[in-house]
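This report covers helix packing, helix lengths, selected loop residues and cysteines. The sequence and structure come before the discussion.

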Amino acid sequence: MLEIFQYDFMQRALISGLIVAVMCPMLGMFIVLRKQSLIGDGLGHAAFAGVTGGYLLGLYPIIGAFVFTILGAVGIELVRRKNSAYADMGLAIFFYAGMALAIIFSSIIRMPSSSLLGFLFGSILTVTYLDILVIAFCAILTFIFIKKYFHKLMLILFNEDIAKVAGINTNSLNMALSIITALVVSASMLVVGVLLVSALMIVPVAAARQLEVGFKTTLFCSIVIAVISVISGLTSSFYFDIAPGGCIIINATFIYILLLILSNVWKKIKYNFKSITT
């Protein structure tokens, strides 16, 4: 298996994939607990609009993606803050608006279908060293933010009202978390694409939660699952000549299903054992 990584493009793919595999679940844990699992989809479509807008203005596409996703994240957070009961409505609005803008921009510039497909489904095998630097920067920023505000974020997730009483500026932290999410979505889009970026943030976390362990252990396990999914996905795509982004997510989903089955079996074993002993 190791011989496939002697190629330069596979080395770049592996490096970028591993960085994203650490970054996405690290943030995904907080997104899942906030019950905003679909925010990656909404921001992904905003990023797609940013990419096409960047092409239209002759800019590095990821710059456009950063701008549009940050604006989208701010808008979604403001809607959630104003009326949390309709947070999904705000998400849907930005979801459709982002896709509509992407269609308009791409039609104006006559963007090649190959480029569109690359951003929609990921183009990890064409990742450049500049792209890796951008992804690494976002990962470092995400790590610093979570490390610095970990306990405050946990308190907000547990009970936002208590966090306010404790003197935490919940509005600023929630907005910062949304902006960090926007950066992660934009950077991860290069690896798995707009349509799958949310999956890499959520599926490894969902799989790790089947283990029913503590928060930090679940976070670590979700990162391990994402890393395994990336490595196995790249290997599968190389030998079977299929899309790497799809392979990565399918492998993560397979791990989720496997852990779900094992978790249910283990619960039945414990239940039966308890019934026998009592």
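## Packing of α2 and α3

Helices α2 and α3 are oblique to each other, because an angle counts as oblique when it is neither under 35 degrees (roughly parallel), nor over 145 (roughly antiparallel), nor 65 to 115 (roughly perpendicular). The model is a predicted one: local features need pLDDT of at least 70, side-chain atom pairs count only at pLDDT 80 or more, and totals for chains, interfaces and linings use all residues. Residues are numbered from 1 along each chain as its sequence is written, and side-chain values use heavy atoms, with hydrogens and water left out.

The packing angle of α2 and helix α3 (residues 61-82) is about 140 degrees, and their axes are 7 Å apart. Axes are lines fitted to C-alpha atoms, for helices over the stretch in contact, and angles run from 0 to 180 degrees between N-to-C directions. Helices are DSSP runs of H or I with at least four residues, and strands are runs of E with at least two, numbered from the N terminus. The crossing in which α2 passes α3 is right-handed; that term applies if the near helix is turned clockwise from the far one by less than a right angle, and left-handed applies if the turn is anticlockwise.

## Residues of α2 and α3

Helix α2 (residues 39-57) contains glycine 53. With a relative accessibility of 8%, glycine 53 counts as buried; the classes are buried under 20% relative accessible area, exposed over 50% and partly exposed in between, with a 1.4 Å probe and protein chains only. From glycine 53 to valine 67 the C-alpha separation is 10.0 Å, with their positions 14 residues apart in sequence.

Buried residues of α3 include Gly64, Gly72 and Gly75, as well as Ala65, Phe66 and Ala73. Glu77 and Arg80 of α3 are also buried.

## Packing around α6

Helix α1 (residues 8-33) and helix α6 (residues 129-158) have axes that come within 10 Å and cross at roughly 20 degrees. The two helices α1 and α6 are therefore roughly parallel, and α1 passes α6 in a left-handed crossing. The contact of α1 with α6 has 20 nonpolar, 2 polar and 2 charged residues. In this classification Ala, Val, Leu, Ile, Met, Phe, Trp, Tyr, Cys and Pro are nonpolar, Asp, Glu, Lys and Arg are charged, and the others, Gly among them, are polar.

The axis of α6 also comes within 9 Å of the axis of helix α8 (residues 170-192), and the two cross at roughly 150 degrees. That angle makes α6 roughly antiparallel to α8. The crossing of α6 and α8 is left-handed.

## Helix lengths

The expected span of a helix is 1.5 Å times one less than its number of residues. For the 26 residues of α1 this gives 38 Å, in agreement with the 38 Å between its end C-alpha atoms. The 22 residues of α3 should span 32 Å, and the end C-alpha atoms of α3 are 32 Å apart. Helix α10 (residues 215-240), with 26 residues, reaches 37 Å from first to last C-alpha, close to the expected 38 Å.

## Residues after helices and in loops

Lysine 35, which follows α1, has a positive phi near 60 degrees. Aspartate 241 comes just after α10 and has a positive phi of about 55 degrees. The loop that holds aspartate 241 runs between α10 and α11 (244-277), and aspartate 241 is exposed at 69% relative accessibility.

Glutamate 212 is a residue other than glycine with a positive phi, near 55 degrees. Its place is the loop between α9 (197-209) and α10, where glutamate 212 is exposed at 53% relative accessibility. Arginine 110, in the loop between α4 (87-109) and α5 (113-121), is exposed with a relative accessible area of 66%. Arginine 110 and glycine 17 are 93 residues apart in sequence, and their C-alpha atoms are 30 Å apart.

## Cysteines

How many disulfides are there? The count comes to 0 disulfides, where a disulfide is a pair of cysteine sulfur atoms within 2.5 Å. The closest cysteine sulfur to that of cysteine 221 belongs to cysteine 24 and is 17 Å away, too far for a bond. Cysteine 221 is buried at 18% relative accessibility.

Cysteine 247 is likewise in no disulfide, and its nearest cysteine sulfur, that of cysteine 24, is 17 Å away. With a relative accessible area of 10%, cysteine 247 is buried.
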